[in-house]
Amino acid sequence: MAGGTEVHEHLDVDGDTLREECGVFGILGHEDASALTALGLHALQHRGQEAAGIVTFDNEQFRAERHLGLVGDHFSDADTIGRLTGRAAIGHVRYSTTGETILRNVQPLFAELDGGGIAVCHNGNFTNALTLRQQLIRDGAICQSTSDSEVVLQLVARSRKGKIIERFIEAIMQMEGAYSLVALTSKKLIGARDPLGIRPLVLGDLNGAPILASETCALDIIGAKFIREVENGEVIVCTSTGIQSYFPFGKQKARPCIFEYIYFSRPDSIVGGRSVYDVRREMGKQLARETSVEADVIVPVPDSGVPAAIGYSQESGIPFELGIIRNHYVGRTFIEPTQQIRALGVKMKHSANRSQIEGKRVVLVDDSLVRGTTSVKIVQMIREAGAKEVHFRLASPPIRYSDYYGIDTPVREKLLAAKYSLEEMQSYIGADSLAFLSVDGIYKSMGYDGRDDAAPQFTDHCFTGDYPTPLTDLSEDQEFVSAPRLVEVG
């Protein structure tokens with residue numbers, strides 16, 4: 001392992017995190033469909049901050065607004081909402097796990113078919129999208145984006161089935177990986193969840209108008225009623241006459257993504273019947289049971305570590321304090337012309353609360369450790385604020401494997417836990433001790449006795465390397481293969 005100053009010389013502060021996947025929302029039969037969709041996307045903004053889009057249907061034509069940036073930057077004014085007329089709408093917030101961040105990749109994507117138009121958006125990743133895309137192009141398809149969602153549209157367009165729902169089902173049955181899809185036709189709002197239910201999707205209702213959304217928090221913001229989760233492998237079709245479900249994959253045991261509980265979902269959401277906040281707090285309690293240490297104060301790394309730190313404090317009896325204050329008004333990017341300025345990057349987002357740290361033995365609690373670069377700076381910041389000791393605790397196991405299901409993890413060589421032992425990681429971040437929640441500890445926090453290795457209850461490949469679906473697009477060097485793409489430069 002390289003020496004401290006050499007290893008830390010080029011820190012990518014913004015890259016030291018698990019990027020959110022995407023968020024989807026749809027509503028049918030409400031006069032304020034576009035405004036409600038914008039509000040729903042606002043609640044799902046944590047799932048993607050690079051782009052947002054809404055498509056509506058007004059009984060005559062589809063209307064679309066798609067923009068780079070945040071929902072509030074583009075969908076908060078009356079003129080924009082006024083252009084999106086109609087009683088049906090779907091919307092999407094995006095973080096680009098595949099495809100560049102350019103306008104032609106912003107969802108929902110739309111296509112005119114012989115039976116009418118269809119708009120589609122999705123959350124997750126298809127692990128055979130490139131293979132299917134190459135076959136479609138060989139067969140004469142012209143692809144206008146680099147988004148996985150376009151593959152779905154192409155497959156729907158090429159289907160020879162008679163009804164749109166039959167064509168949609170035939171298309172998704174060719175897809176592998178993890179996804180929640182929402183589609184809009186002139187008469188239908190369609191939702192689909194992958195056979196294992198890796199990515200989330202819920203059904204709600206607002207005064208008789210059915211709603212599909214990634215999380216329950218999107219229902220809460222508009223006062224909608226939660227009906228149920230869309231089941232794993234279910235295709236749900238909402239029309240003016242009711243709701244119908246199809247199970248083209250047959251019934252399978254669900255295996256949702258464990259990271260929805262650890263990191264992605266909003267703390268106030270209910271996922272799989274569990275309060276995300278309660279689960280994260282319980283993970284903190286379990287972490288305290290497994291990794292206790294003598295200390296004076298428990299300090300969360302905001303905001304991701306707060307629920308777990310509360311649980312750690314409750315279980316250990318050590319006081320919880322906001323020893324780090326987060327600046328909520330920092331943009332996603334910052335021009336950093338020199339190493340001296342780059343070194344201040346973390347302080348733009350986090351500041352030490354010296355009065356709660358100085359002279360104390362501090363336990364820092366966060367949800368996960370990815371590259372470790374931000375952790376280095378936070379530990380250093382706590383020491384500079386006068387901490388006597390700094391102990392780092394993570395409310396999830398070490399991330400040792402890349403994700404291919406919609407979480408933008410770094411390549412495996414850049415995952416700290418994939419390269420180094422626990423002792424080396426501790427030395428790297430400069431803590432007095434470092435400890436992670438065990439894999440069984442995660443499952444105990446979810447109410448199980450532990451992980452069922454014969455039939456795992458959740459998708460947990462980032463910790464275990466146990467990928468539950470084929471990875472068709474994976475090349476021999478363990479990274480997704482890619483094709484040359486147009487890069488828009490102006």
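Q: Why is phenylalanine 110 called partly exposed?
A: Its relative accessible area is 36%. Buried means under 20%, exposed means over 50%, and partly exposed lies in between (1.4 Å probe, protein chains only). At 36%, phenylalanine 110 therefore falls in the middle class. The areas come from the Shrake-Rupley method with a 1.4 Å probe; for residues, only the protein chains shown count as cover.

Q: What kind of model is this, and which atoms and residues count?
A: This is a predicted model: local features need pLDDT of at least 70, side-chain atom pairs count only at pLDDT 80 or more, and totals for chains, interfaces and linings use all residues. Residues are numbered from 1 along each chain as its sequence is written, and side-chain values use heavy atoms, with hydrogens and water left out.

Q: How many aromatic pairs are there, and what makes phenylalanine 62 and phenylalanine 110 one of a particular kind?
A: The whole structure holds 13 aromatic pairs. In this one, the ring centres are 4.9 Å apart and the planes stand at 50°. Rings of Phe, Tyr and Trp (its six-membered ring) pair if their centres lie within 6.5 Å; planes under 30 degrees apart count as stacked, over 60 as edge-to-face and the rest as tilted. So the distance makes it a pair, and the angle makes it tilted.

Q: What does that pair tie together?
A: Phenylalanine 62 sits in strand β3 and phenylalanine 110 in strand β5 (residues 109-113), so the pair joins parts 48 residues apart in sequence. Strands and helices here are DSSP runs, numbered from the N terminus: E of at least two residues for strands, H or I of at least four for helices. By that count, the protein chain has 18 helices and 21 strands.

Q: What makes β3 and β11 edge strands?
A: Two strands pair if DSSP finds at least two bridges between them. Seven strands pair antiparallel in an open sheet, in the order β3-β2-β4-β1-β10-β9-β11. β3 (62-68) and β11 (225-229) each have a single partner strand, so one side of each lacks a neighbour in the sheet. On average, neighbouring strands in this sheet are turned by 15° against each other, direction ignored.

Q: How do you know that β9 and β10 pair?
A: Five bridges join β9 (residues 202-206) to β10 (residues 209-213). That meets the bridge requirement, so they count as paired. One of the matches sets leucine 203 against leucine 212 in β10.

Q: Which strands does helix α2 lie across, and at what angle to β4?
A: Helix α2 (residues 33-43) lies across β1 (22-28), β2 (51-57), β4 (88-94) and β9. It runs at about 25° to β4. Axes are lines fitted to C-alpha atoms, for helices over the stretch in contact, and angles run from 0 to 180 degrees between N-to-C directions.

Q: Why is glycine 26 called buried?
A: Its relative accessibility is 0%, so glycine 26 falls in the buried class. Glycine 26 lies in strand β1. It touches Ala89, Ile90, Val182, Leu189, Pro210, Ile211 and Leu212, leaving aside residues up to four places away in sequence. Contact means heavy atoms within 4.5 Å.

Q: Why is glutamine 45 also classed as buried?
A: Its relative accessibility is 12%, which places glutamine 45 in the buried class. It sits in the loop between α2 and β2.

Q: What makes its link to glycine 48 a polar contact?
A: A polar atom of the glutamine 45 side chain lies 2.8 Å from the backbone oxygen of glycine 48. A polar contact is a pair of N or O atoms within 3.5 Å; within protein, one must be able to donate a hydrogen and the other to accept it, and residues adjacent in sequence count only if both atoms are side-chain atoms. The 2.8 Å distance therefore passes the limit.

Q: What makes β5 and β13 edge strands?
A: Six strands pair antiparallel in an open sheet, in the order β5-β6-β7-β8-β12-β13. β5 and β13 each have a single partner strand, so one side of each has no neighbour in the sheet. Neighbouring strands here are turned by 20° on average, direction ignored. Within this sheet, eight bridges link β6 (residues 116-126) to β7.

Q: Why is strand β19 called mostly covered?
A: Five of the six residues in β19 (residues 361-366) are buried. Strand β16 (residues 297-300) runs parallel to β19 and is joined to it by four bridges. Six bridges join β19 to β20 (residues 389-394), again parallel.
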